[in-house]
Amino acid sequence: MTKIYMTRRAALSGLGATLATPTLLRAQSSDAFPVEEPKIETEIPVKRNISSFQQQAWQDHFDELGVGCMLADISSRALHYWGGDGVTYRLFPSSVPMTEELTKRGYTKVVRKAKNPSWTPTASMRERDPSLPLRMEGGAGNPLGTRAMYLGWPAYLVHGTHDTRKIGRQSSSGCIGLYNQHVEALYEMVEVGTQVRLL
């Protein structure tokens, strides 16, 4: 029979890991999925949005496919993209506007695209937070991330974000935000003229 000897260092390391585990789990779940969040509509807020992702059909939202279509589903916090080839379909988690007042719904289209876009806060953004700069060039810290697709409505975009905590939450001032790696992939597929619906 072999004897197993435990050193003081091993015992303390094991004790530390055991005590830290519940704290780490609480920190992860409370930051990624807030318990209390104001409703954007009269619907029950989505708490774990992966379960609400459902494949959609472009025909349910658009009359024709054209060069492509995007559907930003505000309630499920997801962006759907259908390519003009009739085969390509992508589904991305997204951030959505903080309030119903900041939410624009309806049909528009992509009118221009930009890599590493500069950001100019709107007058209402600067009124809510006077510390915002007049303009910020593209790069780290820019809230538009690495790519932006400008919609036909002034100051409304589909863009990336360097702050990954915003995805899946009501966190924007009206735009639809994506992880940078997702917006970079989408940017390559989307053409100017792509139809967009915010639902």
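Is asparagine 142 buried or exposed? At 1% relative accessibility, asparagine 142 counts as buried. The points below concern a predicted model.

1. Overall make-up. The protein chain holds three helices and 10 strands. Along the sequence the elements follow the pattern α-β-β-β-β-β-α-β-β-β-β-α-β. The chain has 199 residues, and 39% of them count as buried. About 11,900 Å² of the chain is exposed, with carbon and sulfur atoms supplying 55% of that area. Among contacts between residues at least 6 apart in sequence, 62% join residues at least 24 apart.

2. Annotated residues. The unreviewed UniProt entry carries the annotation "active site" for His159 and Cys175. These residues span 17 residues in sequence, yet no two of their C-alpha atoms are more than 7.5 Å apart, so they gather at one spot. Both His159 and Cys175 are included in the lining of the largest pocket. The annotation comes from the UniProt record and may be inferred rather than shown by experiment.

3. Histidine 159. This residue is found in strand β7, which covers residues 157-161. Its relative accessibility is 8%, so histidine 159 counts as buried, the cut-off being under 20%. With residues up to four places away in sequence not counted, histidine 159 touches Pro143, Leu144, Arg147, Ala148, Cys175, Ile176, Gly177, Leu178 and Val183. The other annotated residue, Cys175, is thus on the contact list of histidine 159.

4. Cysteine 175. Unlike a strand position, the place of cysteine 175 is in the loop between β8 (170-172) and β9 (176-179). Cysteine 175 is buried, with a relative accessible area of 9%. Not counting residues up to four places away in sequence, cysteine 175 touches Ser95, Val96 and Pro97, then Ala155, Tyr156 and Leu157, and also His159.

5. The largest pocket. Its volume is about 510 Å³. The lining is made of 25 residues, and Trp119, Met125, Pro143, Leu144 and Ser173 lie nearest the centre. The elements giving two or more residues to this lining are α2 (123-128), β7 and β8. Strand β7 provides the largest share, three residues. By class, the lining has 10 nonpolar, 10 polar and five charged residues. Two of the residues nearest the centre, Pro143 and Leu144, are also among the contacts of histidine 159.

6. Serine 173. Serine 173 is one of the residues nearest the centre of the largest pocket. It is found in the loop between β8 and β9, where cysteine 175 is found as well. At 29% relative accessibility, serine 173 counts as partly exposed. The C-alpha atoms of serine 173 and leucine 102 are separated by 5.9 Å, although these residues are 71 residues apart along the chain. Leaving aside neighbours within four places in sequence, serine 173 is in contact with Met98, Leu102, Met125 and Arg128. Of these, Met125 is also listed among the residues nearest the pocket centre.

7. Asparagine 142. To return to the opening residue, asparagine 142 is found in the loop between α2 and β6 (147-151). Its contacts, leaving aside neighbours within four places in sequence, are Pro117, Ser118, Trp119, Met136, Glu137 and His162. Trp119 is another of the residues nearest the centre of the largest pocket. Asparagine 142 and aspartate 163 are 21 residues apart in sequence, and their C-alpha atoms are 9.5 Å apart in space.

8. Backbone angles to check by eye. Most residues other than glycine have a negative phi. Arginine 77 is not a glycine, but has a positive phi of about 55°. Arginine 77 is found in the loop between β1 (68-73) and β2 (78-83), and is buried, with a relative accessible area of 3%. Alanine 155, also not a glycine, has a positive phi of about 70°. The place of alanine 155 is in the loop between β6 and β7. At 47% relative accessibility, alanine 155 counts as partly exposed. Alanine 155 is among the residues that cysteine 175 touches.

Technical notes: Residues are numbered from 1 along each chain as its sequence is written. This is a predicted model: local features need pLDDT of at least 70, side-chain atom pairs count only at pLDDT 80 or more; totals for chains, interfaces and linings use all residues. Side-chain values use heavy atoms; hydrogens and water are left out. On a 1 Å grid over the protein atoms alone, a cavity is a set of points where a 1.4 Å probe fits but cannot get out, and a pocket is an open set with protein on both sides within 12 Å along at least five of seven lines; lining residues have an atom within 4 Å of a point. Helices (H or I, at least four residues) and strands (E, at least two) are DSSP runs, numbered from the N terminus. Buried means under 20% relative accessible area, exposed over 50%, partly exposed in between (1.4 Å probe, protein chains only). Contact means heavy atoms within 4.5 Å. Grid points are joined across faces, edges and corners, and a volume is the space filled by probe spheres set on the points. Ala, Val, Leu, Ile, Met, Phe, Trp, Tyr, Cys and Pro count as nonpolar, Asp, Glu, Lys and Arg as charged, and the others, Gly among them, as polar. Accessible areas come from the Shrake-Rupley method with a 1.4 Å probe; for residues, only the protein chains shown count as cover.
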